[in-house]
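Me: I'd like a close look at one part of this protein, and then how that part fits with its surroundings. Here is what I have open.

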Amino acid sequence: MTRFRNTVNGQPRGGDQWIASLNPFDGEAWAEIPRGTAADADEAVTAAHKAFSSGPWPAMTATARGKLLRRFGDLILRDAEKLAAIEVRDNGKLYAEMLGQLRYIPEWFHYFGGLADKIEGGVLPMDKPEMFAFTKPEPLGVVVAITPWNSPLLLLAWKLAPALAAGCTVVIKPSEFTSCSTLALMELVAEAGFPPGVVNTVTGYGSEIGTALSEHPLVAKLAFTGGDATGTAVYSSAAKGLKHVTLELGGKSPNIIFDDARLEDAVKGAISGIFAASGQTCIAGSRLLVQRSVYEEVAQRVTAFAGTAQMGDPMLDTTQVGPITTVPQRDKVLSYIDMARQEGARCLLGGGRPSRPDLARGWFVEPTIFADVDNSMRIAREEVFGPVLSIIPFEDEDHAVEIANDTIYGLAAGVWTGSTRRAFLMADKLQAGTVWVNTYRAVSFMAPFGGYKKSGIGRESGQAAIREYLQTKTVWINLAEGVSNPFVLR
Ligand code: NAD
């Protein structure tokens with residue numbers, strides 16, 4: 001069995017205890033990762049702090065940092081197939097999806113590598129005579145990047161690229177379910193030429209090392225993606241030490257189909273919103289809002305399309321729906337399906353585990369569709385994080401907006417319409433960090449991403465994201481000779 005090790009200060013680190021990494025397609029252990037301790041977390045943070053404070057990294061120009069990032073991006077592209085295969089074995093998502101992600105991830109390192117030496121301070125047009133003042137962006141310090149299991153390297157890249165471009169150093173804590181690709185990536189960190197200690201990893205259970213990382217006095221910022229309950233705990237820890245945070249949390253995103261939409265496209269948009277990645281995406285369009293006049297037709301067409309989705313081995317090109325990443329998550333999804341039935345929703349498709357013998361060892365849940373869902377039902381209010389779609393009817397624009405915004409979340413929303421007026425109007429009124437019109441589940445390195453309401457704090461990707469890893473220093477230089485009355489404000 002492959003054993004992946006952590007990297008601290010450029011050196012491999014094993015552990016006294018190991019955690020098995022299980023393949024969701026067959027339930028078999030295929031690799032092991034170290035079960036880190038609070039002492040390991042402390043060592044990793046201390047190494048990152050040393051690399052931030054002294055040695056080659058703080059002495060490096062922003063231009064040189066940018067070159068390292070771009071080289072790193074090129075190496076990821078070179079090894080995209082290998083890394084994608086590791087991710088599939090760890091999280092069960094389709095190889096086609098993970099390879100697509102791995103081939104796109106380098107763009108974050110190229111983009112933020114390019115941005116590294118374009119972050120400028122400014123000279124202030126001073127209102128005080130003979131005083132010169134300027135601002136200077138400086139890196140925050142040690143960043144702890146905590147990632148979930150659904151897209152480990154993509155969500156890591158969203159943190160790592162701007163953090164390194166800004167000049168921070170990083171400790172990565174990947175999900176205990178899917179750490180292998182992150183540990184494999186560390187070989188490329190070394191090959192790219194990052195100095196030891198600039199990027200470190202510590203794997204293990206959140207309950208065992210999470211607090212040690214998020215309350216560590218030498219950590220300046222926590223960049224977290226995960227569930228909202230964990231995010232709240234991380235935010236509380238950050239508050240104790242007054243640390244900076246970026247929180248990318250859950251969602252219950254509305255995907256809204258108006259009767260003037262091209263229904264063929266809208267149906268595909270509904271499918272990609274919820275059944276891609278077996279619904280295990282924070283941006284899942286898990287509430288499909290359909291205008292009453294086309295409600296039955298859309299429900300029937302989405303059901304027919306989803307009914308053709310091929311479940312199977314995620315490594316195969318022909319597979320469209322893979323297993324759920326973990327057993328607890330599979331059981332959680334199944335419990336929500338039971339709950340939806342009890343709440344009175346009408347099951348149009350799926351509703352359990354598949355009966356095919358060749359899928360028996362995997363953690364599969366059938367693509368499942370519920371119609372006649374009321375937005376007050378738990379199936380419409382809570383994040384399922386699985387292939388379960390709730391279809392909710394609406395009457396008009398105002399009604400769609402009312403239902404769409406009636407949620408604690410605000411990560412994303414989709415709108416399907418043939419009307420430009422309606423597209424702009426809905427984009428204005430929807431409370432979500434991302435609104436897609438006539439598309440769904442699109443992301444880019446240059447497009448800010450993050451949540452409204454309980455879906456998070458801060459933004460990843462885009463130019464502004466680097467600011468999340470910087471702080472502003474204002475420098476005053478007195479050009480006059482002599483100091484005026486020391487007892488009054490200057
Ligand atoms: P999770 O919250 O259980 O775990 C996320 C990470 O936090 C893991 O690395 C885990 O080990 C760690 N962790 C657990 N307890 C901790 C603690 N006390 N202190 C510090 N770290 C701790 O999430 P998950 O189940 O891995 O991922 C699924 C969730 O992630 C879903 O809710 C989903 O919506 C969310 N998500 C959000 C986005 C986004 O960008 N908004 C993207 C993907 C996933």
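Which residue in strand 17 does N255 stand opposite? Please start there and work outwards.

Reply: N255 stands opposite G414 in strand 17. Bear in mind that this is a predicted model. The two strands involved are strand 12 (residues 254–257) and strand 17 (residues 412–416); they run parallel and are joined by three bridges.

Now zoom out to the sheet. Strands 12 and 17 sit side by side in an open sheet of seven strands, whose order is 14-15-16-13-12-17-18, and the pairing is mixed. At the edges you find strand 14 (346–349) and strand 18 (434–437); each has a single partner strand, so one side of each has no neighbour in the sheet. Going from one strand to the next, the twist averages 25 degrees.

Two helices lie across this sheet. Helix 11 (residues 263–274) lies across strand 12, strand 13 (287–291), strand 16 (388–394) and strand 17, and it runs at about 170 degrees to strand 12. Helix 15 (residues 397–405) lies across strand 12, strand 13 and strand 16, running at about 145 degrees to strand 16.

Next, the domains. The domain assignment gives domain 1 (2–249 + 455–474) and domain 2 (254–437), and strand 12, at residues 254–257, is where we began. The C-alpha centres of the two domains lie 31 Å apart. As for the contact between them, 25 residues of domain 1 touch 28 residues of domain 2.

There is another sheet to look at, an open one of six strands in the order 9-8-7-10-11-19, again with mixed pairing. Here the edges are strand 9 (199–201) and strand 19 (456–457), each with a single partner strand, so one side of each is left without a neighbour in the sheet. Strand 9 pairs with strand 8 (residues 169–173) in the parallel sense over three bridges, and I172 has T201 in strand 9 as its bridge partner. Helix 9 packs on this sheet, where it touches strand 7 (142–146), strand 8 and strand 10, with its direction at about 160 degrees to that of strand 8.

That brings us to the largest pocket, which holds about 770 Å³ of space. Both domain 1 and domain 2 give residues to its lining, so the pocket lies between them. Of the 33 lining residues, P148, F224, G226, G227 and T230 lie nearest the centre. The elements that give two or more residues to the lining are helix 9 (206–214), strand 10 (219–225), helix 10 (228–240) and helix 13 (327–343). Helix 10 gives the most, with six residues. By class, the lining has 12 nonpolar, 15 polar and six charged residues.

Terms used:
Residues numbered from 1 in each chain as written. Predicted model: local features only at pLDDT ≥ 70, side-chain atom pairs only at ≥ 80, totals over all residues. Heavy atoms only, no water. 1 Å grid on protein atoms, 1.4 Å probe; cavity = no way out; pocket = protein on both sides within 12 Å on 5 of 7 lines; lining within 4 Å. Points joined across faces, edges and corners; volume = space filled by probe spheres on them. Helix = DSSP H or I, 4+ residues; strand = E, 2+ residues; numbered from the N terminus. Nonpolar A, V, L, I, M, F, W, Y, C, P; charged D, E, K, R; others polar. Domains from an automatic or database assignment. Pairing = 2+ DSSP bridges. Axes fitted to C-alpha atoms, helices over the stretch in contact; angles between N-to-C directions. Contact = heavy atoms within 4.5 Å.
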